[in-house]
Amino acid sequence: MFAFQSNQSCKINCVTWAKDAHALFDYESEEISKDIYTLGKGGKIFLDGEKGTTKYEPDNQEEGFFLTSGHTSSSEGCLINFFNEYGAHTVVTKKIKDEYEYNKQNITEVQNMLYYVVAQKELKGIKREYKTEYYYKPKLNDIIRFGRVQFIVRSMKDKSTENKKDESDNNKSIFLPNDNSNLKKNLGNKILVCEFCDKKETDNINNPIIKVCPCKKCPLLHLNCFKNDYIKKDKMFYYSNKDYNSGTLKIVSLINYLCPYCNEPYNPIIKINSKFYNTLPYSFDKNNYHIILESINFVKDGVYCIMIIIFTFPNKKEEFFLGRGHEASFKISDISISRVHAKIYLKEDNIVIDDLGSKFGTLLLVRNNVDVNEMLEKKMKIQIGRNVVWLDKDENDTENKENKEDNTNKE
C-alpha cells in the first residue's frame with residue numbers, strides 16, 4: 001500500500017464539465033477541462049465559472065491535506081479545501097452537517113455535496129480514465145443518486161443485516177424526522193382529536209395522532225387516516241401503486257406531496273419519543289430480503305414527487321435493471337437516467353448496486369471520513385457538482401525520494 005505522509009506530494013486530478021446543470025457531470029462529454037495539481041501541503045481549489053476550469057491556491061502553513069466540500073468554506077467560490085486536521089494521518093471528508101431539516105432548500109443543498117462515484121460494471125461510452133473500483137454495498141439511510149435523481153435507502157434486509165438486533169446500529173438519516181414527541185404538551189395537554197375522522201386519541205401505539213408537517217396550520221390526523229384517506233381526498237395528490245416482475249418489484253408514486261398550507265414537502269418520517277413512523281402509503285413482506293428506495297426530488301415547476309421502489313428477493317435470484325429504456329425492469333423518465341443505468345441484485349446474499357456505464361453516473365453521498373491511502377488504493381473518484389476529483393501518486397516525487405535514500409545508503 002502507498003503510505004501518504006505529510007512530507008510527500010500527491011497528484012490531484014480535477015476535471016470540470018463545461019455545463020452547469022443540476023449538479024451533474026457528463027462522463028461521455030468531450031467538453032471537459034482537466035487540471036492536475038501537485039500537493040505536498042495544504043491549499044484550496046476554486047472553480048472559475050467563466051472559463052469552466054479550476055485554479056489552485058497553495059497554503060504553505062498546512063502540513064498535508066484534507067478534502068472537504070467548499071459549501072462550508074469561508075473562502076468565496078471555493079470548491080474544495082485541502083488541509084490536515086489529524087497530524088500525519090491524512091483523510092478525505094465531506095465537512096457537512098450530520099443532519100438537516102427536511103425541506104426544499106436542504107434537499108437541493110444535499111444534491112450539491114460530495115459523492116463517491118460507484119464502480120462501473122461496463123464502460124460503454126465512459127472514458128477509461130473515469131473508471132473507479134469503488135464497490136458499493138448499500139446501507140440503511142444511504143443517499144444514492146442515479147444521475148440527478150436522489151434516493152434514500154429507507155429499509156433493507158439481506159445477509160449483512162440479519163445478525164443486527166436493531167436497525168439503529170446503521171447510519172442515521174441525514175434528514176431529521178418531524179418530531180411529535182411533545183405534540184400534546186405543546187397543545188396544552190388537551191385531548192387530541194383527529195380532524196379527519198373526528199375520533200379521539202387512543203392507546204393504539206401503531207395508529208397515533210400526528211402532525212405530519214410542523215407548520216401551524218397542518219391538521220391533527222391519525223397516522224392511518226393520513227396514509228389511507230387524507231392524502232387521497234379531493235385528488236390533492238396523484239397516487240399510484242403498481243406491481244411488476246410478478247410482485248417482486250412494487251412502485252408507489254406520490255406527486256405534489258406538499259403541505260397545502262406552507263408548500264413544503266411532507267416529512268416521510270415522524271418521531272414520537274423513541275418510536276419512528278413512516279407516513280408513506282405502502283406495505284411489503286418484511287420477511288423477504290428487500291431494499292426500499294425512496295426518491296427525494298423536485299420535478300417541473302417546483303412540484304414535489306416521491307417515488308417508492310420496493311425490490312424483494314423471495315428466491316434470492318432476482319435482479320433488477322434501473323433505467324429509462326425498454327430494457328429496464330422499470331422506467332424512470334428523467335433525461336439524466338441512461339437507458340440501462342444500473343443493476344440491483346444479490347451477490348453472496350448481499351444486495352449490491354452496479355453502475356452499467358451510465359452517462360451521468362451512480363453516486364453515493366460521502367458521510368464518513370476516508371483515508372487518503374484507501375482513496376488511492378481503491379482508485380476512488382469523488383464528484384462535487386460538475387467536477388470530479390481523484391488522487392494519483394506522484395511517481396516523480398516517489399522516484400526522487402527513493403534515489404535520495406539509495407544515495408544516502410551508499411554513502
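Here is a walk through the nonpolar cores and aromatic contacts of this structure, which is a predicted model.

Let's start with the largest nonpolar core, which has 57 residues. If you want a way in, look for Phe175, Tyr257 and Ile308, the members that touch the most others in this core. Strand 20, spanning residues 304-313, supplies the largest share of the core, with four residues. Now zoom in on Ile308 and ignore its neighbours within four places in sequence. What is left in contact with Ile308 is Lys250, Ile251, Val252 and Leu254, then Leu280 and Tyr282, and finally Ile292, Leu293 and Glu294. There is also a second core, separate from that one and made of 46 residues, with Ile144, Phe330, Ile344 and Met375 among them.

On to the rings. The model has 16 aromatic pairs, and a couple of them deserve a closer look. Take Tyr116 and Tyr134, which are stacked, with 4.6 Å between centres and 20° between planes. These two tyrosines are 18 residues apart and link distant parts of the chain: Tyr116 belongs to strand 8 (residues 114-117), while Tyr134 lies in the loop between strand 8 and strand 9 (143-146). Are the two rings' residues buried or exposed? Tyr116 has a relative accessible area of 7%, so it counts as buried. Tyr134 comes out at 14%, and because buried means under 20%, this residue makes the cut as well.

The loop between strand 8 and strand 9 also holds Tyr130, whose partner Trp390 sits in strand 28 (residues 387-393). Here the separation along the chain is 260 residues, and again the pair links distant parts. The geometry is another story: the planes of Tyr130 and Trp390 meet at 85° with the centres 6.3 Å apart, so this pair is edge-to-face. Tyr130 is buried, at just 1% relative accessibility, and Trp390 is buried too, at 7%. Follow the ring pairs outward and you find a cluster in which Tyr130 and Trp390 are joined by Phe25 and Tyr27.

Last stop: charges over rings. Which ring does the charged end of Arg145 sit over? That would be Tyr115, with the charged end 5.0 Å from the ring centre. Lys343 has a similar arrangement with Tyr345, its charged end sitting over the ring at 4.6 Å from the centre.

Definitions and conventions:
Residues are numbered from 1 along each chain as its sequence is written. This is a predicted model: local features need pLDDT of at least 70, side-chain atom pairs count only at pLDDT 80 or more; totals for chains, interfaces and linings use all residues. Side-chain values use heavy atoms; hydrogens and water are left out. A nonpolar core is a set of buried Ala, Val, Leu, Ile, Met, Phe, Trp, Tyr and Cys residues joined through side-chain atoms within 4.5 Å. Buried means under 20% relative accessible area, exposed over 50%, partly exposed in between (1.4 Å probe, protein chains only). Contact means heavy atoms within 4.5 Å. Rings of Phe, Tyr and Trp (its six-membered ring) pair if their centres lie within 6.5 Å; planes under 30 degrees apart count as stacked, over 60 as edge-to-face and the rest as tilted. A charge sits over a ring if NZ of Lys or CZ of Arg is within 6 Å of the ring centre and within 35 degrees of the ring normal.
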